[in-house]
Every structure is written in structure tokens, then in C-alpha cells.
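Here are some exercises on charged pairs, surface and burial, each with a worked solution. Have the sequence and the 3D view open and try each task before reading on.

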Amino acid sequence: MWDKRWRDQIWPSLAEPWDVIIIGGGITGAGIFREAARLGLRTLLVDASDFASGTSSRSSKLVHGGFRYLKNAQIKLCLESVRERERLLKEGRGLINQLGFLLASYRGDSIPVWVFGAGLMIYDLLALKWNHRYYDAFDIKVLCPTIKEDKLLGGFRYFDAQTDDARLVLRLIQEGVQYGACALNYARVIGLLRRSNGQVCGIELQDEAPGGNFRCMEVRAEVVINATGAWADKLRQQIGGRERLRKLRGSHLVFSPSRLPISRAISFLHPQDRRPVFIIPWEGVSIIGTTDVDHRLDILEDPAISQQEVNYLLSAVRSIFPSLELQEKDIQCTYSGIRPVVDTGKEDPSKESREHILWQEQGLLTITGGKLTTFRLMAHTALQAVARRLPGRIKLEGQQRMLDLTPGEETINVDLSRAARLRLLGRFGAQAQSLVAAAHPEDLLPVGNTATLWAELRWAARSEGVIHLDDLLLRRVRLGLLLPEGGQNEMERIRHTTQLELGWDDDHWKMEEQAYTRLWKHSYSLS
Ligand code: FAD
């Protein structure tokens, strides 16, 4: 879909006026993009960096109702999220999967076990299903043998869902492109165009891909949507908007399953501050998160975990799995994302609302906050808010699919397990068959102990708009999170599989590999 020449072919055609320009290619922008494209609007999405390179590849990867929001009585947010989760489970087979949780309760916990039970009852009622159950201490130990036994009273098993966040974004963008819209990564909005009455009517766009020589272009549209997440204030300030967002950093630790083996997610209260934390099995690794701290550093720099956050998360995991004696050296990698919330000055960052926010200022629509899970609702809210400016063209129906129907597993006609075929269909949607057709015989094997096939790397390098090596290893596939040292041990074979597809000569490859290693060390490791 995005082959080597796609960028240069597209650039000159950007000057034509658009119905909608979306700034930001995270989940918020991607959700709006797909919906606008499906409605037949001439739609352009641009991202200053790679698609999903912001918070949308650094979440906890849960498609969830947000059980803990019930504690803050955010029933509406919880109801909406639970309903969206149920739809995503149905429509996103292979990409969104059910995930079992254990919620362990200990003597002395600030929240008694019956409160969890009542909460889970409401949680299930909101989803219109009964999907939780109480287990006593003995059964909890059977379900999770390494869990701390001392003072264990029992706990609940309940269900939420999980996904590959970056692939969900990619899938939405690819579907939008298939509906005829245009999406460009490494294209930064450096200014907003305004009519004589001050209303925003377009963007000044700068090409930030290598070879683009920072060429600039003015691009006009009826509607300009600011979906730049934690960066949203920066664009708003250009038209006189005052800073309104509080940037909260959430970080995670990733462990290999050999050091932290879990078969289902564990949810518990951090002994230090009683905040809920999760340990989640994901793609063969175990992730623990998250923190929630004010991010006071420049958001133009890639976020990274602090030593305090490492200590906080490590002490959480040690408290629930003391027998594993986990140490800092067991941490395979880390990652951090920035959550934009409206700043109401609450002392405890976790008390700030997670609901999405919409502002209309001088014709610029800003939508930010919210969750990965609720991208469809956010897309509808944004498009409804601008419907007046595109008369008769925005007709949204709640029952429309949020992801296109994919072909059945039997259409992936190669010797792979059913689960592997479903996985490809979920991640690559309509492109899965082409991916398999393009694979060399040796590509249909997994990379190391992961479920990722070499064929995914070849396909992504060939046709998924990869500009830098981190686009490939951190977002098109997630080897940077799944393999030790970000995949250094597999680098020769990664190069062998993808270099030609990417069209990079040896010097270019070397430069990319060095840049990737630097980035990984800065933002994805302990250093
Ligand atoms: P982003 O993903 O940050 O995207 C914004 C994009 O705008 C970026 O790609 C950036 O490059 C681009 N941009 C910025 N400036 C410009 C410019 N000038 N020109 C062009 N492009 C620009 N939600 C869930 O449902 N489940 C979870 O498990 C979950 N876990 C989370 C864990 C953490 C630690 C955090 C912080 C959030 C979590 N969330 C979760 C919330 C969810 O991840 C975010 O709400 C969501 O990813 C935000 O997406 P976004 O598209 O608004 O922003």
C-alpha cells in the first residue's frame, strides 16, 4: 500500500483542497481518519513522526472498561468503555483478544474483598454479561502458583481484553487509505493557515522524512482537526489558546516469561500508595504498569522511565511475587507514554479525569484525552462537532462496523496454525493474504520465541510506510519490546530479510541501526 515511491508521488497532490485534515496519527487521529474516509470525505492525516509513535504504541495494551474508574464513580466512562470493548472483541478477531484477570485480595488491604465483588458485579452488568467468579486462597494459588501466599484471602477472576496498540492504529489507518483517503507519516504541521476572519483553514506542512529536505507546503481544508494528544496545546497556542493540559507519564517494565511467568493478568493494589497496578501477559512477555506522574520534561524529547518509577514498579512486582526475587537486571525493557488530561490542579494525578475533551477554537477542533478503547466514540464526537461545516456529508450510524470484516482463516492458505492465521488477519486485515503471498518459505517461521513471523517484517518493510528502523521494530512489529536488547541478537537476520525491501544501502542501514540502538537505550531500557 505504501511502497518506496509512495511519498514522492503523494507530496505534489497534497496541495489540492481537502474536506478534512487530521493532525496526529495516534489512535484518536486514526479513528477519525477511518470514519471520515468511510463517509467518502476527502481526508488527509499527517503525523510529525511515525504513525502511533506517541502514546498509542506505549499504552498498557488493554481494551478495557476501566474497572478502577468505578472507584471514582466514572460510571459513564466505564459503561461506554465496556460496550466498546465488547464490540471490539466481536469485530477485531485476531487483534483484540479476551484476557483473564485475577484480582487478589489480602488481609489488611484498604479495600475489602466484598467491595471488589460489588464492583465486578456492576462491571459485568454494564457489559450485559456475567463473567466473574470468586476463588478462595487455595484456588488462587492453583491459578497462579507464584503469587504471595501470606495473608492471601482469595480473589476474583474477571475478564477484559487486550490488543497490539500500534497495530490497531495501523489497521485503522490502512482501512482509511483503502477507502480512498491519504495518510502521511514524518510530515509535521509547523503552522496553521487562517482566513481573514481568523478562522483556521489549513496547515503549513513540513516533510521530515530523509530525502524530503524539509520541503514545506500549504494545505487547505474545510475542517482541521487537532488530534495530537499530549502535544495538543502546542498547536492551540498558535491561535491564542491557553495551556490546559496536564501531561502525565505512565511507564511500564517488561520481563521475559522465564523470569516472570504468568498465564493471566494480575491486578492488585500497590503496597505503597494503594493504586491499582497490573501485570499482563502480552505477546509472550510480562508487562507491569503503570505509573502516573507529572511529566515535567520537554515533550519534544522521547519520554523515558525514571529511576523512581523503576523502583515503584519493581517493588510492586516483588510484593506480589516475592519468591521470584526479581531484580533490576531481570528487566528486559521499559517504555513510557504521556497521557494528556485536563489540568484541574488535583494533587494526586490519578484523580484527574480520563474522559476525552473537545475544544473548538477559531475553527480548529481539538480532541484529546480518552482511551485507546473508546476511539470510535471519540471519532464520532469529533465528526459530529464539525458536521455543520460539511453540510449533509456526515451521517454517522452507531451500528457501523468499527473495523472492516476480514476474510476467514481458511483464506490464509499456508501451513500455519489457526491461531497464527487469525493473528495475521487481525493485525494486517485485508493485507494478510498479500503478506503471505509475498513471504519466502523461510519467512513463515517465528522470530525467536515470539509469535511474530519473519514474513511480517518483510511485508512491513515493503509496504507499510517504514521510514526509520524504529518504525519497523517498535511499531509495525514489536520485536523491540519482545526480544532482549531490543532485538540486537537477531539484527543480522532482520537486515537480511528487510534491507532490500527498504531500499537502504549498507551505509543507510548502519546509520539506521545506530539511531535505533540510541533510541532503544534512551527510551526503552533502564539506562
Ligand atoms: P498519541 O498517540 O500521542 O498521538 C498523537 C500524535 O500526534 C503523535 O503520533 C505525534 O507524533 C503527533 N503530532 C504531535 N504534534 C504534531 C504536529 N505538529 N504535526 C503532526 N503530528 C503531530 N487506553 C486504553 O484504552 N487502554 C490502555 O491499556 C491504556 N493504557 C495506557 C497507559 C499509559 C501509560 C497511558 C499514558 C495511556 C494509556 N491509555 C490506555 C490511554 C491511551 O493510550 C491514550 O489515550 C491514546 O493512546 C492517546 O492517543 P492519541 O492519538 O490521542 O495521542
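**Exercise 1.** Does D443 count as buried or exposed?

*Solution.* Start with the ground rules: this is a predicted model, where local features need pLDDT of at least 70, side-chain atom pairs count only at pLDDT 80 or more, and totals for chains, interfaces and linings use all residues. Residues are numbered from 1 along each chain as its sequence is written, and side-chain values use heavy atoms, with hydrogens and water left out. Next, the cut-offs: buried means under 20% relative accessible area, exposed over 50%, and partly exposed in between (1.4 Å probe, protein chains only). D443 has 1% relative accessibility, so D443 counts as buried.

**Exercise 2.** Find the partner of D443 and place both residues in the fold.

*Solution.* First, the term: a salt bridge is a side-chain nitrogen of Lys or Arg within 4 Å of a carboxyl oxygen of Asp or Glu. D443 pairs in this way with R458, and their closest N and O atoms are 2.5 Å apart. Then locate them: D443 sits in the loop between α11 (432–438) and α12 (454–463), while R458 belongs to helix α12, so the pair ties together parts that are 15 residues apart in sequence. Helices here are DSSP runs (H or I, at least four residues), as are strands (E, at least two), numbered from the N terminus. Finally, R458 is buried too, at 7% relative accessibility.

**Exercise 3.** Examine the salt bridge between R427 and E283.

*Solution.* The two side chains meet at 2.7 Å, N to O. R427 lies in helix α10 (residues 418–428) and E283 in the loop between β13 (276–282) and β14 (285–289), so this pair links parts that are 144 residues apart in sequence. R427 is buried, with a relative accessible area of 6%.

**Exercise 4.** Contrast that with R38 and E35: where do they lie?

*Solution.* Their side chains form a salt bridge of 3.0 Å, N to O. Both are in helix α2 (residues 27–38), and because they are three residues apart, about one helical turn separates them. E35 is buried, with a relative accessible area of 4%. In total, the structure holds 46 salt bridges.

**Exercise 5.** How many residues of helix α13 are buried, and what covers them?

*Solution.* Count along α13 (residues 469–476): eight of its eight residues are buried. Among them are L469, D470 and R476. Now look for contacts (heavy atoms within 4.5 Å): the cover includes α6 (165–178), α12, α14 (479–482), α15 (491–502) and α16 (506–523).
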